[in-house]
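New to this one? Have a look at the chain below, then read on for a quick tour.

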Amino acid sequence: MTATDARTEITPVSIGQHLVGDGQPVYVIGEIGLNHNGDVDIARRLIDVAADAGAQAVKFQKRTPEISTPVDMRDKIRQTPWGEMTYLDYRYRVEFDREQYQKVAQHAAERGLQWFASPWDVPSVQFLEDLDVPTHKVASASLTDTELLGELARTGKPIILSTGMSTLEQIDAAVEILGTDKLVILHATSTYPLPPEEANLRTIDTLRERYGVPVGYSGHERGLQISLAAVALGAVAVERHITLDRTMWGSDQASSLEPAGLEHLVRDIRILQDALGDGVKRVMPGELAPMSRLRRVGA
């Protein structure tokens, strides 16, 4: 009796020196986001955390605050570690400029990591292009921003598309703009922190079959189990927020992994990927001695 594997082979996407896709090491992204709180030293320390854990990349967020901050939010007063300020002023306070990103880029290169960011507006795309990032990430909140998607498509760079808070029809429209030649899609649920019942991990296979591109997972849960399950279900990339300490100030800190958590996640992803194997049933080398000792009747 023979069977045919119905799983279509999908060509990996090149992101710099890394191939992202089936048969490749899971591409692990440490999402720094704004967890640096506008401090380059904290960003460097988070890059070290990702490198020490064995991740391949770190990701930031890049905004032009006067464009990307909703008008009705700009003048709202926010309590911050730097005192009371408007939400727009806060956005400027935590945003890195070109010189700061150059320091980030240098440190990432020294630690052997790729770095890139989620641009939240069109000028931020050119800002990142001028810094020669290897890829761009579309945040879930930006999936319906057709102007931004068009600008990203024109860069010719590989694109990583997160799909939280989105319907299949909205993803269809985004993929139509971005194309599929250099596209990696990340399944995500934009609940912070993510409860297990909203993870919906079987969507990984749905996205893979629908778009024919490598599919990974961007997680906002506490703990490691859901991210590891995503890998078991075929995720070829895993993105998780990272922090030095979950008690630090900032909206993403509580749902982030601390250094030990990221280290354990990467360790377990590598073990799991080895354990998944290739799906071909055969007698393994370690079974030969037990077989000769235990099997009474041969084939």
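## Surface and burial

Keep in mind that this is a predicted model. Start from the outside: the chain exposes about 14900 Å², and carbon and sulfur atoms supply 50% of that area. As for what's tucked away, 49% of the 299 residues count as buried.

Charges are part of the picture too. The chain carries 31 positive and 42 negative charges, and the mean positions of the two groups sit 6 Å apart.

## Overall build

In terms of secondary structure, you'll find 11 helices and 12 strands in the chain. Along the principal axes, its C-alpha atoms fill a box of roughly 80 × 40 × 35 Å.

How does the radius of gyration fit in? A compact globule of 299 residues would come out near 19 Å, and the chain has 21 Å, which agrees. Looking at contacts with a separation of 6 or more, 65% of them join residues 24 or more positions apart.

## The annotated domain

An unreviewed UniProt entry marks residues 46-281 as "domain: PseI/NeuA/B-like". That span is 41% helix and 18% strand, and its end C-alpha atoms lie 42 Å apart.

## A stop at Thr8

Where does Thr8 sit? Look in the segment before strand E1, which covers residues 13-15. Is Thr8 buried or exposed? Its relative accessibility is 56%, and exposed means over 50%, so Thr8 counts as exposed.

Thr8 also pairs up nicely with Gly279 for a sense of scale: the two are 271 residues apart in sequence, while their C-alpha atoms are 14 Å apart in space.

Note on methods
Residues numbered from 1 in each chain as written. Predicted model: local features only at pLDDT ≥ 70, side-chain atom pairs only at ≥ 80, totals over all residues. Heavy atoms only, no water. Helix = DSSP H or I, 4+ residues; strand = E, 2+ residues; numbered from the N terminus. Rg over C-alpha atoms; globule rule 2.2 N^0.38 Å. Buried < 20%, exposed > 50% of the residue type's maximum accessible area, 1.4 Å probe, protein only. Contact = heavy atoms within 4.5 Å. Areas by Shrake-Rupley, 256 points an atom, 1.4 Å probe, with all protein chains shown as cover. Lys, Arg positive; Asp, Glu negative; His and termini not counted. Charge placed at Lys NZ, Arg CZ, Asp CG, Glu CD. UniProt positions renumbered as here; feature names shortened; annotations may be inferred.
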